[in-house]
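Biologist: Please take one part of this model, go through it closely, and show me how it is put together and how it meets its surroundings. I am new to this, so please explain each term as you use it.

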Amino acid sequence: MTSITARWLERDRRTLRVNIASVGDRVYGIVTTICALVIPALVVAIAVAIFAAAWPAIARLGLSIVTSSDWDVPGGHFGAAPALYGTLVSSVVALIIATPLAIGVAIFLSEFSPTWLRQPVGFLVDLLAAIPSVVYGLWGIFVLTPLLREHVMPFLRDTLHLGATPFFTGPAYGPSMLAAGLILAIMALPYISAVSREVLLAVPRSQREAALALAATRWEMIRDAVIPYARSGIIGGIMLGLGRALGETMAVMMLIGNSPKISASLFAPGYTMASLIANEFSEATNDLHLSALMAVGAALFLITLIVNAVARWLVWSVSRDRAK
Amino acid sequence: MRALKAAALMLLAVACAKESANNSQTASSTASTTSGSVDLTGAGATFPYPLYSRWFSEYAREAGVKINYQSIGSGGGIRQLSEGTVDFGASDSPMSDDEMAKAKGGPIIHIPTVLGAVVITYNIPGASAPLTLTGKAIADIFSGKITKWNDARITSLNPGVTLPATDILVVHRSDGSGTTYIFTDYLSRAVPAWNSTVGKGKEVKWPVGLGAKGNEAVAGQVKQTPGAIGYVELAYAKQNNLPTAAIQNKAGKAIVPSVSAVTAAAAGAAKTLPANTDYRISIVDAPGADSYPISSFTWILVYQNQGDAVKGKKVVDFLNWALTKGEADAAALDYAPLPSEMASKVKEKIAAVRLAQ
């Protein structure tokens, strides 16, 4: 990026009078610096506001906000462990489903697809990201949950005998952790696949040719030459998808069954932190309740920060390994 | 790279479109609150909003007073009134003593406007006739003690109705709601054990079932799932022709929910009211042979001492109009009007509002 800017500036210097250019440079520099500073300032301001509002609950309830699973508003107990659990589990389920699919799409588009197909399919996948989440929620209510209840869940539980494991047991109602994980998978998929596709396409041609020259099959070429080269970018894409899944509110709220209980079965209803806040905030009058919801928000904020930090670290460590 | 840019641009465009839609919405609402044409502002309950918005438009035509109301939920209404940012609040549950004490503008008067009711809706394949339930049976179902439709505690109430041996799925509200408050208030009144286990509130800790946001999601889930049972507002159930259960009232009579049965509940409860009541009362499980037991007032909240005499007078005039002419609109929108003798008593309460000199 910097080299492009530098080149532009060089051209400018040659064509414009030097003094005007230097004033322009300075103004440009100041404007971009301000732009760059606004974003971190905004993040800090949001964090300060959330933690300040959450403080009364944190001071009074301490860690039990995230460790207790007793969320009982009239009783004055605020333990959001089931929501924390639901947030993590639904996101992990989403990634487990979305990642292979998204990488498969990306590999197809970059390696196998005829050129005329690449654009339209890529566009359709990207389009998934532009659909509002409430539309996903509606689709989930009218199409996905009846399908799960009548076909998928009985099939998994009884036909495949997965009911013997703790993950696919219990009655099939439709709204469930599984439904939420599936919808999140569809929503996270375009992020992962768009990023993966671009990094795969950016792998130099010479890398591929070298592998083929060593008598690698097409699959071996992709596995040994292309994917390792693109690994850090793909991981970045997965983390982007995870960020999307962790924060999603509306579609999840419509499909997860909103029941603050921890259950190993994916057929059971669950709860997420984002949907807990969205459900209860508008009618919360009690100060401790409001503050506890803010504390849940603060915890979600922290989780998102941690996920992003881990993603950075992963990308960094993978690219460092490759550099060696 | 170009495709990624295109995708990013597309996302950006969508985000911007959303953003600008939000902006224009807030811009227009702030414009209308601050412009000279609006005389009063209110905020609060969503449940009576369809009726209130009709009232406001009729009142604007008749009296030339424009009222801007934001249906942001009872909690928000109470908060905004306490902060003094609106001229009146509206709530589906009465303010607690604690909340009243925190209000910045002094004592608050509760003006009941109309009544709402909560009905039990269900989806039982093959059930031949409408279901009848008691408070005890409802509490047992919603606390997970009754899990099958053909449980003796249900079948004994419904002789002649064939009930299947299938599981019951309880559907409750997940969002904080006056509907949940009324429903749990009824259960804790009718069944003492409920009070010590679940209790009452706008959101409670449900022992069983699925949570859905809003009346429409509860109704949708019940409609979709064979064996499901849930609770929704009377008006919503009537407009969508949902099957509703008759509920046995205090007098032992099974009452099918209707606007007139709800008004009857208010009349039954009114008989036992002390003369100086502040109307922060619950009328669930009301006495009277025709009373539907899961009903409640919805209130408009105003400060007793109005600092701005001009606005204060407009509020008082509007409230008097609402309790006289406004009540006549209620039934057409499936809200139960106050019994007429009660409406005139409430007007005496409105007279207690003091305007600054």
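Modeller: A residue is called buried if 20 or more other C-beta atoms lie within 10 Å of its own, exposed if there are 12 or fewer, and partly exposed in between, with C-beta atoms placed from the backbone. Leu160(A) is exposed because it has 11 other C-beta atoms within 10 Å, and this residue sits in the loop between α6 (133-159) and α7 (177-201) of chain A. Its C-alpha atom is 32 Å from that of Gly237(A), a residue 77 places away along the chain.

This is a predicted model, in which local features need pLDDT of at least 70 and side-chain atom pairs count only at pLDDT 80 or more, while totals for chains, interfaces and linings use all residues. Residues are numbered from 1 along each chain as its sequence is written, and chains are lettered from A and ligands numbered from 1 in the order in which they are written.

The part to follow closely is chain B, where 49% of the 357 residues are buried. This chain has 13 helices and 14 strands, which are DSSP runs numbered from the N terminus (helices H or I, at least four residues; strands E, at least two). Its domain assignment, a kind of division that comes from an automatic or database procedure, gives domain 1 (40-117 + 270-280 + 296-355) and domain 2 (123-263). Taken over C-alpha atoms, the centres of domain 1 and domain 2 of chain B are 29 Å apart.

Where these domains of chain B meet, 17 residues of domain 1 are in contact with 14 residues of domain 2, contact being C-beta atoms, placed from the backbone, within 7 Å. On the domain 1 side, α3 (74-83), β4 (108-122) and β13 (336-337) of chain B each supply at least two residues, and β4(B) gives the most, with three. That side of domain 1 of chain B consists of 10 nonpolar, five polar and two charged residues, where Ala, Val, Leu, Ile, Met, Phe, Trp, Tyr, Cys and Pro count as nonpolar, Asp, Glu, Lys and Arg as charged, and the others, Gly among them, as polar.

Two helices of chain B, α2 (residues 49-63) and α12 (residues 309-330), pack at an angle of about 120 degrees with their axes 10 Å apart; here axes are lines fitted to C-alpha atoms, for helices over the stretch in contact, and angles run from 0 to 180 degrees between N-to-C directions. Residues of α2(B), including Trp55(B) and Tyr59(B), meet residues of α12(B), among them Phe318(B) and Trp321(B). By class, the residues of this contact between α2(B) and α12(B) are eight nonpolar, one polar and three charged.

Chain B also touches its neighbour, with 37 of its residues in contact with 29 residues of chain A. On the chain B side, α1 (2-34), α3, β7 (210-212) and α9 (214-224) each supply at least two residues, and the largest share, six residues, comes from α1(B). This side of chain B has 14 nonpolar, 14 polar and nine charged residues.

Finally, among contacts in chain B between residues at least 6 apart in sequence, 72% join residues at least 24 apart.

Conventions. Two residues are in contact if their C-beta atoms, placed from the backbone, lie within 7 Å.
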